[in-house]
Amino acid sequence: MIAHNPLTDAGALATLSLYKTAVTDNSHKFNSMVNGFRRFAAPEPLGFNNHEFLRSQESSTQPQAIANFLSGFHLLHSVSCDSATPTQLATAYQQLQSVQGTCQAFANMTCCLANAGVNPLTNVQACPPETVRNLLSLLLSCGMSNRAGAWGVDYGLPAWSGKNGLICV
């Protein structure tokens with residue numbers, strides 16, 4: 001299958017390199033991001049699928065190759081600032097892909113986006129409305145992974161999919 005948007009992984013890695021570049025420890029970066037996700041998903045918990053993470057580490061060289069490629073062209077912010085290596089960035093990306101939650105947790109996240117960043121169950125502002133606007137634009141163009149371009153043209157709705165088969169519209 002030819003990807004309609006082949007840059008989704010590269011864009012995700014480049015975006016991840018911009019996140020809190022002062023934090024060089026992957027565990028702190030990961031925890032900070034997951035805590036942000038938890039504000040969206042609350043009161044439902046989010047977990048980590050270590051088996052999936054280890055499987056992706058063993059079987060997938062694509063994130064590492066893309067991170068090395070982007071680094072070679074100085075397209076990764078944290079790498080150009082010497083705060084993370086391409087290997088560390090690829091590992092953090094695979095960790096984030098291994099976050100797991102229930103259908104209810106992801107439904108809560110979707111409701112939070114539909115409510116301008118306010119979690120309707122906890123009344124907590126998970127992120128500013130401007131960020132929600134930008135995020136929904138990205139989800140329209142990139143949220144459905146390799147099918148993203150076609151999804152945007154065919155349906156015109158922001159959405160995201162996970163490698164576990166989850167689809168949120």
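**Figure legends: close-up views of a predicted model**

Of the 169 residues of the protein, 37% count as buried. The model shown in every view is predicted.

**Figure 1. Overall architecture of the protein, with nine helices and four strands.** From the N terminus onward, the elements are arranged as α-α-β-α-α-α-α-β-α-α-α-β-β. The accessible surface amounts to about 9,500 Å², and carbon and sulfur atoms account for 60% of this area. When contacts between residues at least 6 apart in sequence are considered, 62% of them join residues at least 24 apart.

**Figure 2. The two faces of helix α4 (residues 62-72).** The buried residues of this helix are P63, I66, A67, L70 and S71. Viewed down the axis of α4, these buried residues lie within an arc of 135°, so they line one face of the helix. In an α-helix, residues three or four places apart point the same way, because there are 3.6 residues a turn. Exposed residues F69 and G72 are carried on the face of α4 turned away from its buried side.

**Figure 3. Residue H74, in the loop between α4 and α5 (77-80).** H74 follows α4 and has a positive phi, near 55°. H74 is a residue other than glycine. Most residues other than glycine have a negative phi. The relative accessible area of H74 is 65%, so H74 is classed as exposed.

**Figure 4. Residue A116, in the loop between α7 and α8.** The phi of A116 is near 55°, a positive value in a residue other than glycine. A116 has a relative accessible area of 35% and is therefore partly exposed.

**Figure 5. The cis peptide bond from A42 to P43.** Omega of this bond is near 10°. Most peptide bonds are trans. P43 belongs to the loop that runs between α2 (26-41) and β1 (46-48). Both A42 and P43 are among the residues in contact with N108, the subject of the next view.

**Figure 6. The surroundings of N108 in helix α7 (residues 103-114).** N108 has a relative accessible area of 4% and is therefore buried. Apart from neighbours within four places in sequence, the contacts of N108 are F40, A41, A42, P43, E44 and L121. The C-alpha atoms of N108 and P120 are 8.0 Å apart, although these residues are separated by 12 positions in the sequence.

**Figure 7. The salt bridge between E52 and R55.** The count of salt bridges in the structure comes to one. The side chains of E52 and R55 meet with an N to O distance of 2.7 Å. Both residues lie in helix α3 (residues 50-59), three residues apart, which is about one turn of the helix. The two partners fall into separate accessibility classes: E52, at 19% relative accessibility, counts as buried, whereas R55, at 39%, counts as partly exposed.

**Figure 8. Cysteine residues in a structure that holds zero disulfides.** C112 is in no disulfide, and the nearest cysteine sulfur, that of C127, is 6.3 Å away. A disulfide would require a pair of cysteine sulfur atoms within 2.5 Å. C112 is buried, with a relative accessible area of 0%. C103, by contrast, counts as exposed, at 65% relative accessibility.

**Figure 9. The contacts of L140 in helix α8 (residues 129-142).** At 33% relative accessibility, L140 is classed as partly exposed. Beyond residues up to four places away in sequence, L140 touches A148, G152, G156, L157 and P158. L140 and V153 are 13 residues apart along the chain, and their C-alpha atoms are separated by 9.2 Å.

**Figure 10. A nonpolar surface patch made by Y155, L157, I167 and V169.** The area of the patch is about 410 Å². Y155 is found in helix α9 (residues 148-155), and its relative accessible area of 51% makes Y155 exposed. L157, another member of the patch, is also one of the residues that L140 touches.

Note on methods:
Residues numbered from 1 in each chain as written. Predicted model: local features only at pLDDT ≥ 70, side-chain atom pairs only at ≥ 80, totals over all residues. Heavy atoms only, no water. Patch = residues over 30% accessible without salt bridge, like charges linked within 9 Å, V, L, I, M, F, W, Y side chains within 5 Å. Areas by Shrake-Rupley, 256 points an atom, 1.4 Å probe, with all protein chains shown as cover. Salt bridge = Lys/Arg side-chain N within 4 Å of Asp/Glu carboxyl O. Buried < 20%, exposed > 50% of the residue type's maximum accessible area, 1.4 Å probe, protein only. Arc of directions from axis to C-beta. Contact = heavy atoms within 4.5 Å.
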